[in-house]
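Please open the structure in your viewer and keep the sequence panel visible. The tour below proceeds by selection, stop by stop.

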Amino acid sequence: MQPSGQHDKQDVASSLRQQILSLQISPGQMLDEAELAQAFGISRTPLREVIQRLGGEGYLVFRKNRGAKVAPMDLTTLRQFFQAAPMIYAAVARLAAENATASGIRSLKEIQKTYRAAIAAGDGNSSALENHRFHAEIGVMAASAYLLPSLNRLLIDHTRIGQIFYRSNNSRDSDRIRKAADQHDELIAAIGSHSPAEAVEITLRHWALSRDQMERFVQPDPLPFEIAGGF
């Protein structure tokens, strides 16, 4: 059994991740340690440990003598995101198809079921977060100590951008969301049948579905969150 202090830190870390991915805490926003410590009912020392952990994961960045702030969504960040994303997603999909296990496929199917339920309910926030879980699980299945950290960093920005996409009510974006969900099913089938080339092809189509819409809104920091795109 874990000590209660360790459990508290895990809960705080999980909550902060969710708030960042859901845009409840905005990109570039400075964290107020005193405010967070009070809100979570945790002392400053374990809170700082959580903040350091989230910095290592890419959720936060640090400024000398200024503390931590949420990773920004500026022009440089997004340019690097668009350059790296298709390469990393494709490599992860290939390895996942090569290394897939029955338990991993079951996990993907369960996440996909929850993802489709969130879409059907019109819950944009949950749809984006379940989409994040889906692609993170593929990263776990790829079992690469080198690719997984890069994938997880990409997914932070992709999920934040995707929040706007999944909250959209226009018919064009609704069609894109349905198509993205169908591509998830195709990807599960390709990974489950250990078909790396097919998994890569589906992944690149999946990426293309969102790329053009996201690129329309790339502007200098602070980026206005009128962004559409789903992966």
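What follows is a tour of a predicted model, from the whole chain down to individual residues.

**The whole chain**

Begin with the protein chain displayed as a cartoon. The chain has nine helices and two strands. Followed from the N terminus, the elements are arranged α-α-α-β-β-α-α-α-α-α-α. The chain comprises 231 residues, of which 48% count as buried. Among contacts with a separation of 6 or more, 74% are between residues 24 or more positions apart. The structure also holds 13 salt bridges, and several of them are visited below.

**Stop 1: I20 in helix α1**

Select residues 4–21, which form helix α1, and highlight I20 within this helix. Is I20 buried or exposed? With a relative accessibility of 1%, I20 counts as buried. Next, add Y59 to the selection. I20 and Y59 are 39 residues apart along the chain, yet their C-alpha atoms are separated by 7.4 Å. Y59 is one of the residues that I20 touches when those up to four places away in sequence are not counted; the others are I25, L60, V70 and R160.

**Stop 2: helices α5 and α8**

Now select residues 102–120, helix α5, together with residues 171–192, helix α8. The axes of the two helices lie 11 Å apart and form an angle of about 170 degrees. Because an angle over 145 degrees counts as roughly antiparallel, α5 is described as roughly antiparallel to α8.

To view the side chains that meet here, display the following residues:

- From α5: I105, L108, K109, Q112, Y115, R116 and I119.
- From α8: I177, A180, A181, D182, H184, D185, I188, I191 and G192.

Which classes of residue make up this contact? It has nine nonpolar, three polar and four charged residues.

**Stop 3: E137 in helix α6**

Keep α5 on display and add helix α6, residues 124–142, in which E137 lies. E137 is in contact with G104, S107, L108 and I111, leaving aside its neighbours within four places in sequence. L108 was also displayed at the previous stop, among the α5 residues that meet α8.

How far from E137 is the nearest side chain of opposite charge? That side chain belongs to R133 and is 6.7 Å away. E137 is therefore without a salt bridge, for which the limit is 4 Å, although E137 is buried.

**Stop 4: E130 and R133, also in helix α6**

Remain on R133 and select E130. The side chains of these two residues meet in a salt bridge, with an N to O distance of 2.6 Å. E130 and R133 are three residues apart in helix α6, which means that about one helical turn separates them. The two partners differ in accessibility: E130 is buried, with a relative accessible area of 12%, whereas R133 is partly exposed, at 41%.

**Stop 5: R205 and its two partners**

Select R205, then E186. The closest N and O atoms of this salt bridge are 2.8 Å apart. R205 lies in helix α9 and E186 in helix α8, so the pair ties together parts that are 19 residues apart in sequence. Both residues count as partly exposed, R205 at 32% relative accessibility and E186 at 33%.

Next, add E201. The side chains of E201 and R205 meet in a salt bridge as well, at 2.6 Å from N to O. E201 and R205 are four residues apart in helix α9, and about one helical turn separates them. E201 is partly exposed, with a relative accessible area of 39%. Another group worth selecting is E33, R44 and R48, which are joined into one network by salt bridges that share partners.

**Stop 6: two loop residues with positive phi**

Finish in the loops. Most residues other than glycine have a negative phi. Select A143, in the loop between α6 and α7 (147–167). Phi of A143 is near 55 degrees, a positive value. A143 is exposed, with a relative accessible area of 61%.

Then select H194, which lies in the loop between α8 and α9 (196–215). Where does phi of H194 lie? Its value is near 55 degrees, which is positive in a residue other than glycine. H194 is partly exposed, with a relative accessible area of 43%.

Technical notes. Residues are numbered from 1 along each chain as its sequence is written. This is a predicted model: local features need pLDDT of at least 70, side-chain atom pairs count only at pLDDT 80 or more; totals for chains, interfaces and linings use all residues. Side-chain values use heavy atoms; hydrogens and water are left out. Buried means under 20% relative accessible area, exposed over 50%, partly exposed in between (1.4 Å probe, protein chains only). Lys and Arg count as positive and Asp and Glu as negative; His and the chain ends are not counted. Contact means heavy atoms within 4.5 Å. Axes are lines fitted to C-alpha atoms, for helices over the stretch in contact, and angles run from 0 to 180 degrees between N-to-C directions. Angles under 35 degrees count as roughly parallel, over 145 as roughly antiparallel, 65 to 115 as roughly perpendicular and the rest as oblique. Ala, Val, Leu, Ile, Met, Phe, Trp, Tyr, Cys and Pro count as nonpolar, Asp, Glu, Lys and Arg as charged, and the others, Gly among them, as polar.
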